[in-house]
Structures are given as structure tokens and as C-alpha cells.
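Colleague: I am new to this structure. Please take me closely through one part of it, the backbone and its charged pairs, one residue at a time.

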Amino acid sequence: MILLNIPPIFGTEIKYVNSAILDIKFNNNNKFIQLCENWFESKFNFKKVFLTTSCTSSLEMAALLINVQSGDEIIMSSYTFVSTANAFVLRGAVIVFVDIRPDTLNINENLIEQAITKKTKAIVAVHYAGVSCDMDLIMSVAIKYNLYVIEDAAQGMMSKYKNVYLGGIGHIGCFSFHKTKNYTSGGEGGAIVINDDLLIKRSYIIYEEGTNRSIVNSNQINNYMWYGVGSHYFMSNLQAAYLWAQLKASKYIYNYRMNLWNNYFSELFYLSENKKLELPNIPKYCKHNAHIFYLKMKNRNKCYSLVNWLMKYKIIVSFHYVPLHTSPAAKRFSRFVNSDVYTTVESERLIRIPIYYNLTIDDQNIIIKYLKKFFIK
Ligand SMILES: *Cc1c(COP(=O)(O)O)cnc(C)c1O
């Protein structure tokens, strides 16, 4: 059986997790959290990074940081994970969906301006498959209308837009270390990147349950106090130890995934030339991270026959998101601006195929073999 995903395991995780367990005795509870946060800040040139319990909690913290109020509008694409929307719905916001562009399945940057009203507070840029949105276009609209930009870079760690790492371009960036992503902190986890000085100032209190604990800790004052809204967003040091192993190995993991991605692309290229399928498109401004490899089929029925064909050879492939605006909760919390030209159509013909650090080249070759057979049978 070849699964769609296996959570990344590099092999060195146990060593760091052991060391974190030993540290508990000495009440040294944040060594690996510090190591990971510093790694992000120095390697990616981010101003401030906090490890969190998930990308969902990073997005929720982002909504608190930019002070979303009931009735505020948040612009995003509909082809995304539920949390991208729910983080803002939890604060009473209305989600305003804009169509995607067919080549990357990211928000169509040129349609954002038409969706802006007096109530618009922020634009969320989801970098689908770790392929960047055109951030210059998004940032210039945001500046013109004085809006916040939040990058949902859950899938985008290690990717770049014009030589800047994703997560570091908007006011806030959110990462996921869930087991389905390129790097994991043992199954669940995330990070929030804060790139705006004023937001950084407010972030310590929100991150530490609405208290001034972080300031108290550094100043040695005795009691910390309740200062405002906030929640328990911080990750455990044990998870950070697991993540640390993967950050230290991030180059190997990155290169291995890129190799798999490039193999798929070159082996299947002739099928795209013969119009049997479409392959992912990577715009010139983007350096991606091989998070997802997808095929676009002619229609939904073709997708089902591919899924069934590969199942016969014990290879699991899968659709991805059901667009949020077509979901049961959409009526209560959102509206779609203008027409859905691409979001539904493209989502219905996209199939993800296995790509992960622990996928062997032999198994990849089996997948490629049966894919080719399907298209030329
Ligand atoms: C995975 C993902 C999330 C949620 O991440 P969690 O860490 O599981 O909360 C949010 N947005 C996108 C685009 C994702 O792919």
C-alpha cells in the first residue's frame, strides 16, 4: 500500500525529545522553543516568531492581534482549509470570498480591490501548495486601503516570493507543523510570525493568556496580572524538541521533496503536452517547497476513474478542499464577490498524489508507472 501521506520522520527526533524529557527535571521548559524560534528569526529574517499549538491557533491569534470586531470583513479565497475562515468568524467577522486564479489556485490578486468595502479589515493570502501569491500586488492594495495582510503559509515553510521567505511579507504569517505538512512537531503544532512593530508590542500579552507574564519573567517582578484578551497559544517544549530535529534537517527534507516533485514533473510532462492532464504551474516570482503534487484532470469523472484505477494497485490519491463558499456554513458567515469562474471547477478536477519525505524512489517509480498506464491505456 502506498499512502497519500506519512508524517515526516527524519530519525534524530528521539534524541532531542529524550533531552527535553531530562530537562523537565531541571525545570528547564523552553530550551527547544527558544532554539526553534531563534532559528526561524535568523534563518528567515523574521522579526518575531512564537511557536503555537497549531496553525489554527496562529490564525486565531492573528485575528485578536489585528483586533477584528463583529461585522468586520476579511477577504480570502474559498479554496482553503476551514480554519482560514473560522479564525475570523470566531470574532464575528464576515468572510468575503474572491475567485481563485486557475494556474496556482491562489486568490486572484486582481479581483481583491472590487471586494473591498468600508468594513474590510484584512486580506488573507493563502499560499496553496506552498506556491506564493503575488505578494507585491496584494501588499499594494493593502497599503492603498490601509488593510492588514495575513499570510496563511500553513503549507509554505521554506518557500519564497522574490527571494523573501513566505510568512515574512504580510503583517502576520502563520505556519503549520501538522503531520500532513512538510515539517512537523510530532503531529500537531504551528507558529505565528509577526512582522509589524506595533503588533509585536501587543503580541506578548495575547500569546500568554492575556497576562504580562513574559514581561514579569524578564524583569523578576513577582506577580503577573490580567491585562486583556488572550489565550493559551504556546507549544510544549517536547513538541519543540521534535520540531528542532526537523529544522536541523530541513535542507535534507527540502531537497528530498524537491527531487520527488521534479521527478513527477519531468516523467509526466509529455502527458501534459498531449493534453491528457495538467501539471502544477510555478510562477517566476516563486520558489516553492514541493508541498503538494497535483494533477488536473478533464473533469470530476476522470478524477474518480483515476482514483479507482490507482486503488487497484494499492496507491492512494485524493481530492483536496471542498470550496468553503459551497459548504453548509457558508450562508451564515460569508459571501462570494462576483462569480465563481474557477474555484469550483478547478477544485473538482484536482487530484493530489503521494509526496513525502519517507516516500522511497522505488515507490515513486511504481506510482509513475501506473499513472502512465492509466493515461495511455
Ligand atoms: C493545514 C492548514 C491549516 C491548519 O493547520 P493546523 O496546524 O492543522 O491547524 C490552515 N490553513 C491551511 C491552508 C492549511 O493547509
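**Backbone and charged pairs**

Modeller: N338 counts as exposed, at 54% relative accessibility. Three words recur here: buried means under 20% relative accessible area, exposed over 50%, and partly exposed in between (1.4 Å probe, protein chains only). This is a predicted model: local features need pLDDT of at least 70, side-chain atom pairs count only at pLDDT 80 or more, and totals for chains, interfaces and linings use all residues. Residues are numbered from 1 along each chain as its sequence is written, and side-chain values use heavy atoms, with hydrogens and water left out.

Where does N338 lie? Look in the loop between β12 (334-336) and α12 (343-348). Helices (H or I, at least four residues) and strands (E, at least two) are DSSP runs, numbered from the N terminus. The backbone of N338 has a positive phi, about 60°. N338 is not a glycine.

Now turn to L105. L105 is not a glycine, yet its phi is positive, at about 65°. It sits in the loop between β3 (94-98) and β4 (120-126). Is L105 buried or exposed? L105 counts as buried, because its relative accessibility is 0%. So N338 is exposed, whereas L105 is buried.

The loop of L105 also brings in a charged pair. E113 and K144 meet through their side chains in a salt bridge, 2.6 Å from N to O. E113 lies in the loop between β3 and β4, and K144 in helix α5 (residues 135-145), so this pair ties together parts that are 31 residues apart in sequence. A salt bridge is a side-chain nitrogen of Lys or Arg within 4 Å of a carboxyl oxygen of Asp or Glu. How open are the two partners? K144 is exposed, with a relative accessible area of 57%. E113 is partly exposed, at 33% relative accessibility.

How many salt bridges does a search of the whole structure find? The search finds 14. Side chains of opposite charge can pair when their charged atoms come close. Take K31 and D23: their closest N and O atoms are 3.3 Å apart. K31 is partly exposed, with a relative accessible area of 32%. D23 is buried, at 11%. K48 and E41 form another salt bridge, and here the closest N and O atoms are 3.8 Å apart. K48 counts as buried, because its relative accessibility is 13%.

Charged side chains also join in a network. Which residues does this salt-bridge network link? The network links E278, K296, E346 and R349. E346 belongs to the numbers spanned by α12 (343-348), the helix that follows the loop of N338.

Two helix residues remain. Y264 is in helix α9 (residues 250-273). Y264 counts as buried, because its relative accessibility is 0%. Which residue can we pair with Y264 across the chain? Try F293, which is 29 residues from Y264 along the chain. The C-alpha atoms of Y264 and F293 are separated by 7.9 Å.

L238 is in helix α8 (residues 237-248). L238 is partly exposed, with a relative accessible area of 35%. Set L238 beside Y264: L238 is partly exposed, whereas Y264 is buried.
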